[in-house]
Amino acid sequence: MTEKFSVMRSVVRGVGAYLPERVLTNDELSKMVDTSDEWIVQRTGIKERHIAAAGETTSMLGEKAARAALAHAALTPADIDLVIVATSTPDYTFPSTATQIQAMLGMTHGVAFDLQAVCSGFIFALTTADKFLRSGSHKRALVIGAETFSRIIDWTDRSTCVLFGDGAGAVVLEAAWGAGDNADRGVLTTHLRSDGRHRSKLHVDGGPSATQTVGHLRMEGKEVFRFAVGMVTDVVKDAFAATGLTAEDLDWFVPHQANRRIIDMSAAKLGIAPEKVVITVQGHGNTSAASIPLALAAAAADGRIKQNDLVMLEAVGGGFTWGAALLRW
Ligand code: UT7
């Protein structure tokens, strides 16, 4: 090993996404609860969301996203030895959605497990996969965010039902040697945080041990909003401090797609130019752990994100959990 190639990096080889066919528009929602397209667009930027069909589970969405990411990477399931699925809406309490997807992909080798950090799930899963790959224990990872939040929404609660949607996204990461500097392709730095004191602000009021039910999502939206921008900007600044890079160095900012106003305020506070911000929330609402890979897939497919671009990812979610990952595409 020469001095020059001294650090193992997790390089993105492919990205893919899947949204269920059924589209639920704001106008349709306004016939179900007391709301309007105008209110939803003005407060959130969301125009429509996708809803999984009856019997269409999180693992089915995740499998489609995973196959799209593998095709983009020109790889097959045989090439993968690690599958991490970020989800808060698993098919079943157990076995994990990850082992379901592993089986659907025809994989009998490697390891697959779920990770739950609500809307920050993709950043937590990417960070975990990065640490596996950097350690040398695994070679190629499928990192999947897949959710069917429509199944835990209280469809009579206008303060939450307009915000969420179903979907899945995935990336393929591959371990590759780098020089150990900011010019390397791959994940450059990751930063995760959590603070369990905030559980009541965004939670599900059911679960196997507490209630023996699935429960419904409950949120104090104003409170979440109040904390979100500060948490996001803190952890993004940690990523800048760890690398010595700045907002000007970024090519793309790909935030968790929950609310247009949170995204705009966070980018402004960080000094990130609006044209560098990838926003897809209008088309799918808040898909929790799926939102970042959905946005990445859209921006890679339309040619915005190109090889060697510097990309900042960030998310905040229930718990609270929050995190940022800086990578070179
Ligand atoms: O990953 C993190 C996920 N969570 C989030 O991103 C949510 C963060 N929070 C938010 O995005 C915003 O707080 C919301 C979009 C949820 C709400 O916006 P807001 O500007 O904070 O509204 P609010 O909760 O203060 O409600 C303002 C008014 C209230 O009526 P009154 O009390 O002023 O008469 C609500 O009852 O808007 C009413 N309202 C609605 N009106 C029409 C709440 N939901 C709706 C609705 N349609 N869907």
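Is Arg226 buried or exposed? Arg226 counts as exposed, because its relative accessibility is 57% and the cut-off for that label is over 50%. Keep in mind that what you're looking at is a predicted model.

## Two domains, side by side

Let's start with the overall layout. The protein chain splits into domain 1, covering 7-178, and domain 2, covering 186-328. Take the centres of the two domains over their C-alpha atoms, and they sit 14 Å apart.

How many residues of domain 1 are in contact with domain 2? The count is 51 residues on the domain 1 side, and these touch 47 residues of domain 2.

## What gets buried between them

The size of an interface is often given as the accessible area lost when the parts come together. Here, domain 1 and domain 2 bury about 3,700 Å² between them, and 68% of that is on carbon and sulfur atoms. If you want residues to click on in domain 1, go for Cys119, Ile123 and Ile152: they lose the most area to domain 2, and together they account for 17% of what that side buries.

## Polar links across the interface

Now for the polar side of things. Between domain 1 and domain 2 there are 18 residue pairs in polar contact, counting pairs with both residues at pLDDT 80 or more. Several elements each supply at least two residues to the side of domain 1 that touches domain 2, among them strand E1 (7-18), helix H2 (37-44) and strand E6 (140-148). Helix H5 (121-135) is on that list too, and H5 gives the most to this side, with nine residues. Sorted by class, the side of domain 1 that touches domain 2 has 24 nonpolar, 15 polar and twelve charged residues.

What about salt bridges? The rule finds one across the interface of domain 1 and domain 2. As for individual pairs, the side chains of Arg218 and Asp154 meet in a salt bridge, at 3.0 Å from N to O.

## Salt bridges in the whole model

The full count comes to twelve salt bridges by this rule. One of them pairs Glu28 with Arg22, with the closest N and O atoms 3.0 Å apart. Glu28 is partly exposed, at a relative accessible area of 27%, and Arg22 is also partly exposed, at 41%.

Helix H3 (residues 58-73) holds a pair of its own: Glu63 and Arg67 both lie there, four residues apart, or about one turn of the helix. Their side chains meet in a salt bridge at 2.9 Å, N to O. Why does Glu63 count as buried? Its relative accessibility is 17%, and buried means under 20%. Arg67, its partner, is partly exposed at 38%.

## Back to Arg226

So where does the residue from the opening fit in? Arg226 lies in helix H7 (residues 221-243) along with Glu223, three residues away, about one turn of the helix. The two side chains meet in a salt bridge, 3.0 Å from N to O. Arg226 is exposed at 57%, whereas Glu223 is partly exposed, with a relative accessible area of 23%. Elsewhere, salt bridges that share partners join Arg13, Arg140 and Glu174 into one network.

How values were computed
Residues are numbered from 1 along each chain as its sequence is written. This is a predicted model: local features need pLDDT of at least 70, side-chain atom pairs count only at pLDDT 80 or more; totals for chains, interfaces and linings use all residues. Side-chain values use heavy atoms; hydrogens and water are left out. Domain bounds come from an automatic or database domain assignment. Contact means heavy atoms within 4.5 Å. Buried area is the accessible area (1.4 Å probe) that two parts lose on being put together, summed over both. A salt bridge is a side-chain nitrogen of Lys or Arg within 4 Å of a carboxyl oxygen of Asp or Glu. A polar contact is a pair of N or O atoms within 3.5 Å; within protein, one must be able to donate a hydrogen and the other to accept it, and residues adjacent in sequence count only if both atoms are side-chain atoms. Ala, Val, Leu, Ile, Met, Phe, Trp, Tyr, Cys and Pro count as nonpolar, Asp, Glu, Lys and Arg as charged, and the others, Gly among them, as polar. Buried means under 20% relative accessible area, exposed over 50%, partly exposed in between (1.4 Å probe, protein chains only).
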